[in-house]
Amino acid sequence: MEGYQVIHEKSPAFYTRYERKAEMQNQTHYCPGCGHGVVHKLIAEALTELGVQDRAVLVSPVGCSVFAYYYFDVGNVQVAHGRAPAAATALKRANPESIVMAYQGDGDLAAIGTAEIIHAANRGENICVFFVNNSIYGMTGGQMAPTTLVGQRSTTSPWGRRSHNEGLPIHVCELLAALETPTYLERVSLHDMKNIMKAKKAVKKALQIQKDGGGFSLVEFLSPCPTIMKMDPVVCRKWVGETLMKTFPLGVFRDHKPELPVDAKFPHKTIAEALEVADGQTVDLVPRRHHHCRDLTVKMAGFGGQGILLMGQLLAEMGLREQMEVSWLPSYGPEMRSGSAHCHVILSHDRIGSPLLSQPEVLVAMNELSLHKFGPTVASGGLILYNSTKLPEGFSAPQARVVCVPASEIADTMGSAKVANVVMLAALLEETECLPTESAIAVLEETVKNPKLLELDKQAIAAGRDYVDTQIEVGAVSQPDGYSY
Amino acid sequence: MSSQPRGNVIIDVEECKGCGLCVESCPPECLELAPELNHYGVHAAQYTGEGCTGCGACFYCCPEPGAITVERLIPPAKAAVPPVPEQEVAHAATL
């Protein structure tokens, strides 16, 4: 109007239109009188006033506010129920310059996300959590929340919450105030103008703390939910002030930066340093397609302690080194120590669908038990490498070629039974020619830190390769039934 | 000019859901719910046309981001001065 100037209007931190649906793009989806809209408004204003809208990231929860990303013109992520503080942690750590806000309701934060909020607060993550407490599950239709008042009726506490059956309402601010690490914890209410202005200050303060690198802050809003409470918006707001606030007293529960012991600092590396390239240099990420790298599916099995899993890991690492797609699936369980251990390794030029192998092309059997157990599963035309000089009586796998490599004996003559797995790995590489042995040496040099052991491993590689080269005749008939591949 | 209200409030009836929180919050009681239904089927809030002080209470109590816009009368003496600190003044006035 002429002669007047605008002093309060829609914040530029909101989109001008909300494109969630085709119609009514000028309205939020919240019910009339919902507290979320007010909290949204306060956050949006604080972002603008602090000038951080362009680096703000809002983590939307599960709950009525799940669609917050349709309203805020900031970076947005929507996460699984209760996980907002965990996702916010990752966002903040990955990009410390961003201003990360986790927006959560009471079902989200205080029920399914209890672990996430406690641990994020305990780590003193430099994030803001905006916790909207309306004492009920709103989106799902009014089930009892951890913050539901004693005696309050809900669809899952139809006679009212009873302390002996459902416990007492959880006081999140008080709970977190028991930790040493949070910087700022305050509970505010949205039940009248005066308190909304206090809430506005709290929101701005929390964001300012994060902007200054001050640590973890949480603002809890006591908020009306007129629809679920079956109240008129005005009456529901009064109920917040008169009833909800009695159980959840307002106040500042923490307002100082924690004094933490000085930790040893991690070495900080830029991405360029980690990739060992000059700053600004581009890294060629197009996979090299070596003709000598072969797609292969391998099952390795033996006693626990024979280095079966390590052997598989080495093979997978080699594949990675040659820029193939790889997977390594170990067996786990109490069977591992002196029981049987096995793992599945896939080397592929294409993406791998499943790391599980029902019919491996190659079986590495480091003991007789594994040979009997897994020999029959080897694919037709496959290969079995068996850790002995000859096959046991009565074993037959006519679909596969069997090569006997006495890896344990070879390792023993070298002075350490530990390297039998490396001998066998070398035999596998030589027999299948799936990957170059130089690659194995390179991987060992990276993983084995003990120089003596590394030397032994290198000898084991040579020994395994030589054995296959010199002792196994091409087309040798190794099956007791005279089958030749 | 003394009869001219200090403030003015503009309500977007397309955005108003008729919750009535602004009406209840308005200190000078210058807002009301329209007696007739709008095309969304709600009694949208409206300004009676007199008595607005530009305090901003309705703006902050309203759950819709842009349903309410509040204006304040530019004092004749300061009309030429760029209105920089106005927002802070407005907040102080409301507390």
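**Exercise 1. Which strands does helix H14 (residues 420-432) of chain A lie across, and at about what angle does the helix run to E13(A)?**

Some ground rules come first. This is a predicted model, in which local features need pLDDT of at least 70, side-chain atom pairs count only at pLDDT 80 or more, and totals for chains, interfaces and linings use all residues. Residues are numbered from 1 along each chain as its sequence is written, while chains are lettered from A and ligands numbered from 1 in the order in which they are written.

Step 1. Learn the labels: helices (H or I, at least four residues) and strands (E, at least two) are DSSP runs, numbered from the N terminus. Chain A has 16 helices and 14 strands.

Step 2. Find H14(A): the helix lies across E9, E12, E13 and E14 of chain A.

Step 3. Read the angle: H14(A) runs at about 150° to E13(A). Axes here are lines fitted to C-alpha atoms, for helices over the stretch in contact, and angles run from 0 to 180 degrees between N-to-C directions.

**Exercise 2. Work out the strand order of the open sheet of 6 strands in chain A, and follow E12(A) to its partners.**

Step 1. The order is E10-E11-E9-E12-E13-E14, with mixed pairing. Two strands pair if DSSP finds at least two bridges between them.

Step 2. Look at the edges: strand E10 (325-330) and E14 of chain A each pair on one side only.

Step 3. Take E12(A), residues 362-365. On one side, E12(A) runs parallel to strand E9 (residues 296-303) of chain A, joined by 4 bridges, and A:Leu363 stands opposite A:Lys299. E12(A) also pairs with E13(A) in the parallel sense over 4 bridges, where A:Ile384 is the bridge partner of A:Leu363.

Step 4. Trace the link from E12(A) to E13(A): the chain passes through helix H12 (residues 368-374) of chain A in a right-handed β-α-β crossover. Right-handed means that, with the strands pointing away from the viewer, the path from the first strand over the helix to the second runs clockwise.

Step 5. Check the side chains of E12(A): A:Val362 and A:Val364 point one way, A:Leu363 and A:Ala365 the other, and all are buried. A residue is buried if 20 or more other C-beta atoms, placed from the backbone, lie within 10 Å of its own, exposed if 12 or fewer, and partly exposed in between.

**Exercise 3. Is A:Ser396 buried, exposed or partly exposed, and why?**

Step 1. Locate A:Ser396: the residue sits in the loop between strand E13 (383-386) and strand E14 (401-404) of chain A.

Step 2. Count its surroundings: A:Ser396 is partly exposed because 13 other C-beta atoms lie within 10 Å.

Step 3. Compare sequence with space: A:Gly375 is 21 residues away from A:Ser396 in sequence, and their C-alpha atoms are 8.3 Å apart.

**Exercise 4. Find how helix H2 (residues 84-94) of chain A sits on its sheet.**

Step 1. An open sheet of 7 strands in chain A has the order E3-E2-E4-E5-E7-E6-E8.

Step 2. H2(A) lies across strand E2 (56-60), E3, E4 and E5 of chain A, at about 175° to E4(A).

Step 3. Of the 11 residues of H2(A), 8 are buried, including A:Thr89, A:Leu91 and A:Lys92. The buried residues pack against E2, E3, E4, helix H4 (114-122) and E5 of chain A.

**Exercise 5. Describe how chains A and B meet.**

Step 1. The contact takes 30 residues from chain A and 33 residues from chain B; two residues are in contact if their C-beta atoms, placed from the backbone, lie within 7 Å.

Step 2. On chain A's side, strand E1 (4-8), helix H1 (35-50), helix H7 (193-211) and helix H9 (233-247) each supply at least two residues.

Step 3. Spot the strand pairing across the chains: E1(A) and strand E4 (residues 68-73) of chain B pair in the antiparallel sense over 4 bridges, with B:Glu71 as the bridge partner of A:Val6.
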